[in-house]
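Reader: I am in my first year and still learning to read structures, and I would be grateful for a close look at a single part of this one. Could you choose one part and take me through its surroundings step by step?

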Amino acid sequence: MNKKFHINPKTLILEEVEHGIGYWLRQGSLYILSGIVLGIIFLFLFLTFFPSPREKQLLREKEALQAQLTTLNQQVDQMQLVMVDLQQRDDNLYRVLFGAEPIPLNIRQGTQRKISYYEEIARMTNNQLSADLSLKVDILEKEIYVQTKSYDDIIEMAKQQEIRMENIPAIQPVLNKDLTRVASGYGMRIDPVYHVRKFHQGMDFTAPTGTEVFATGNAKVKFSGWKQGYGNTIILDHGFGYETVYAHLYKSLVRKGQKVRRSDIIGLVGNTGKSTGPHLHYEVRLNDRPVDPRNYYFYDLSPEEYDQMIQLSNNFGLMLD
């Protein structure tokens, strides 16, 4: 051990320093305390910069899970964009095409879960990512279900539309391609008997007695017989609110309850009832109200022929019934 010396201030002589037990106790305590402090610092630095194998494993699992959740979130975001596009096309194209009301937003999104449900998820491991993803999947699941049901409805409407297009009146009731036999159209006309202006609820097609009369759409015969003023008359029920009337017939070739298809021959032109000459009086009714038959020849006429028919039927001459 190295000896220590000091100069005695009284004698000015260099003397050896002698230490007591207290000194050595203090020195030992200082060394021990320094060792403890350095050990704590070393342990802290080691734990901070050098994780244990278990921590390394947990860290890798956490990073993998976060990456997986991030990818799922991105996929859900893309699915939501697709869903928005489908919803817009559904409301603004398909349902408009078939005259259907858009699906209300509250029906599309459905009833949301209580906030506490998502708060509970948020307190779990990887809390916010899991909560966000659960919320998105929950909403998307409901939207996909509603959209699927909507397309089922559209398919059914398409089927009904196909049936509707087969049933509604769409051709002229007599062969009249040159359109020279239109005697009087729909609207105010001169009554041939009373010579006063009155509303004409249909169109008159002049034709020889016995000319074939065709059903203008698929239908069921609602009436076949004599009708006051109309003479021998056939009324067809086309469904979807449509009916057609064929009056002043020489003869009816169908019976009540019979089903007919478009272009079937149902009767022959005549001059019965309140009529001043052989012709067919033809009406189209929608929801029990007469409508202009000129709007229901779209399967028969080209645009040029339709314009010609409009001009001929707009005449203000005498009606034939």
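**Strand E10 and its partners**

Author: Six bridges hold strand E9 (residues 231-239) and E10 together, and the two run antiparallel; strands here are DSSP runs of at least two residues, helices are H or I runs of at least four, and both are numbered from the N terminus. Two strands are said to pair if DSSP finds at least two bridges between them. Before going further, please keep in mind that this is a predicted model, in which local features need pLDDT of at least 70 and side-chain atom pairs count only at pLDDT 80 or more, while totals for chains, interfaces and linings use all residues. Residues are numbered from 1 along each chain as its sequence is written, and side-chain values use heavy atoms, with hydrogens and water left out.

Within the pairing of E9 with E10, Ile-235 lies opposite Val-245 of E10. The hairpin of these strands has two residues between them, and Phe-240 adopts a positive phi near 55° there.

E10 also pairs with strand E13 (residues 279-286), again antiparallel and through six bridges, and Tyr-246 has Tyr-282 in E13 as its bridge partner. With strand E12 (residues 265-269), E10 forms three bridges in the antiparallel sense, where Leu-249 faces Val-269 of E12 as its opposite residue.

How enclosed is E10, which covers residues 242-252? Eight of its 11 residues are buried, so E10 is largely enclosed by the rest of the structure; buried means under 20% relative accessible area, exposed means over 50%, and partly exposed lies in between, using a 1.4 Å probe and protein chains only.

Following the pairing on to E13, one finds that seven of the eight residues of E13 are buried, so this strand too is largely enclosed by the rest of the structure. Strand E6 (residues 203-206) runs antiparallel to E13 and is joined to it by four bridges, with Thr-206 opposite His-279 of E13. Strand E14 (residues 289-291) is likewise antiparallel to E13, through three bridges, and Val-291 in E14 is the bridge partner of Val-284. In the hairpin of E13 and E14, two residues lie between the strands, and Asn-287 has a positive phi near 55°.

To set this part in its context, the protein chain has six helices and 14 strands, and 33% of its 321 residues count as buried.
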